[in-house]
Amino acid sequence: MSRQDIKPPRKRSLITAAVGAFLLAGIVVGYGFIDRAQSKQEVVDWTKAQAVPTVALAQPLPSSPQQTLTLPGNIQPLNKAAIYARVNGYVKSWDHDIGSSVKAGQVLATIDAPDLDQQLSQAKATLASVRANHQIASLTADRNNILLQKQIVAQQLADQTAADAKAKEAVVDANEANVRQLEAMQSFKRPTAPFDGVVTARNIEIGQLINSGGSGQPLFEVSDLHRVRIYVQVPQAVSAGLVPGLKAMFEMPQYPGVQFDATLTHVSRSMNPTSHSMQVELQADNAAGKFFAGSYCNVHFEIPADANLVRIPSTALVIGSQGTQVATLDGSDKVVLKNVQLGRDLGDSVEVIAGLSPSDRIINNPPETLVAGGTVRVASATPATAAPQSSPPASTH
């Protein structure tokens, strides 16, 4: 090809190419700036998103319409009587030992009381003497009344003999009363059972000296165990739900796995100032004779639960300088810290008796950085499988 065939580029084409290259370079640089700014904004947005804590909600646990309350109880007989001596003497014999069944009026023992026997003999002799004196005085008074009608004796003498007969009659009455008293005391030489029951204590031996009165140890103790009383000390916090007629069940260590029925019969309506508890009484049938006086048992009450009672997981509690609180969410997902009053601690859950309502949205395992009024993100109700921890988007430099 000859030099004449090669034509140099035109000046206009060179300028167009230069402008195109410059525009292309500007577009590339501009896109880089925009991409970098966008990456920075994504980092800022991610940082802000991570600053908002994600929390899970604790669902209030279902509660029974009745609250189960278990308390220790003390079993006592329906009736119990300590038999004391009313006369001084010595034990001549005893007829029933511990565990013996007795009927009302059945003799338990015999006491030899020689002093009382002598007093009774003396009282009878004195009574016979005053009766004789009264008889003589009565005859004398009758005779003088007859002589007075015949005007043989004076009125004064007749009146005196009549008054003397009256006085001796009064002496006879007094001595008869004394004899009856001593005869009644004689009956106490043979103490008897006051009702049908079981001899639960015997504290006498043959030949033992017995002193009358209730200052010492009783001779016998008789218990009516056909039905038993169960005494329970109920804490003040749960005393409002206990009313006569409430059904309960109780267990005894010697009968594992067996429950017995009982009925609440009496409420003392008085709080012990030391323990702040109230004594209540239950009764249970003991026809089978399984329950003994003084036994220990566990009584299970079914008390109607408070409609405002909320049961929540223990992990939802916030305990700090403000007392016991629970973190909840309002309609805008803002944190609201509520002071609560706790009831029973059930281990993995607690009962809240005041401060919460069943409709509250409760935060479970609230972070320590949580403050009232703060915004949180609520986690999905259905937890997803574990995923790698998120990391901020990479920025373009």
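Which residues of α3 are buried? That opens the exercises below, which all use a predicted model.

**Exercise 1. The buried residues of α3**

Task: List the buried residues of α3, then find a helix that covers them.

Solution. Start with the helix itself: α3 has 33 residues. From its first C-alpha to its last, α3 reaches 49 Å, which is close to the 48 Å expected at 1.5 Å a residue. Now go along α3 and pick out the buried positions, which are Ala158, Thr161, Ala165, Val172, Asn175, Val179, Leu182, Met185 and Gln186. Finally, look at what lies over these side chains: the cover of the buried residues of α3 includes α2.

**Exercise 2. The partner helix**

Task: Describe α2 by its length, its buried residues and the element they pack against.

Solution. Begin with the length: α2 runs over residues 114-149 and has 36 residues. Its span from first to last C-alpha is 53 Å, close to the 52 Å expected at 1.5 Å a residue. Next come the buried residues of α2, namely Leu116, Leu120, Ala123, Leu127, Val130, Ala137, Ala141 and Asn144. These buried residues pack against α3, residues 155-187. To finish, step just past the end of α2, where Gln151 takes a positive phi of about 60°.

**Exercise 3. How the two helices cross**

Task: Work out how α2 and α3 are oriented towards each other.

Solution. Two numbers serve for any packed pair of helices: the angle between the axes and the distance between them. For α2 and α3, the angle is about 160° and the axes are 8 Å apart. Angles over 145 degrees count as roughly antiparallel, so α2 and α3 are roughly antiparallel to each other. The hand of the crossing completes the geometry, and for α2 and α3 it is left-handed. Sorted by class, the contact of α2 with α3 has 17 nonpolar, 13 polar and eight charged residues.

**Exercise 4. Two residues with positive phi**

Task: Place Arg269 and His276 in the chain, and decide for each whether it is buried, partly exposed or exposed.

Solution. Take Arg269 to begin with. Arg269 is not a glycine, yet its phi is positive, at about 60°. Arg269 sits in strand β10, residues 259-271. The relative accessibility of Arg269 is 71%, so this residue counts as exposed.

Now turn to His276, another non-glycine residue with a positive phi, here about 55°. His276 lies in the loop between β10 and β11, the latter spanning 277-285. Because its relative accessibility is 47%, His276 counts as partly exposed.

**Exercise 5. A loop residue and its contacts**

Task: Locate Thr315, classify its exposure and name the residues that it touches beyond four places away in sequence.

Solution. Thr315 belongs to the loop that joins β13 (310-313) and β14 (317-320). With 39% relative accessibility, Thr315 counts as partly exposed. Leaving out residues up to four places away in sequence, Thr315 touches Asn364, Asn365 and Pro366. Ser349 offers one more distance to check: Thr315 and Ser349 are 34 residues apart in sequence, and their C-alpha atoms are 7.9 Å apart in space.

**Exercise 6. The whole protein**

Task: Count the helices and strands, then give the share of buried residues and of long-range contacts.

Solution. The protein has three helices and 20 strands. Of its 397 residues, 29% are buried. For the contacts, consider those between residues at least 6 apart in sequence: 74% of them join residues at least 24 apart.

Terms used: Residues are numbered from 1 along each chain as its sequence is written. This is a predicted model: local features need pLDDT of at least 70, side-chain atom pairs count only at pLDDT 80 or more; totals for chains, interfaces and linings use all residues. Side-chain values use heavy atoms; hydrogens and water are left out. The expected span of a helix is 1.5 Å times one less than its number of residues. Buried means under 20% relative accessible area, exposed over 50%, partly exposed in between (1.4 Å probe, protein chains only). Contact means heavy atoms within 4.5 Å. Axes are lines fitted to C-alpha atoms, for helices over the stretch in contact, and angles run from 0 to 180 degrees between N-to-C directions. Angles under 35 degrees count as roughly parallel, over 145 as roughly antiparallel, 65 to 115 as roughly perpendicular and the rest as oblique. A crossing is left-handed if the near helix is turned anticlockwise from the far one by less than a right angle, and right-handed if clockwise. Ala, Val, Leu, Ile, Met, Phe, Trp, Tyr, Cys and Pro count as nonpolar, Asp, Glu, Lys and Arg as charged, and the others, Gly among them, as polar.
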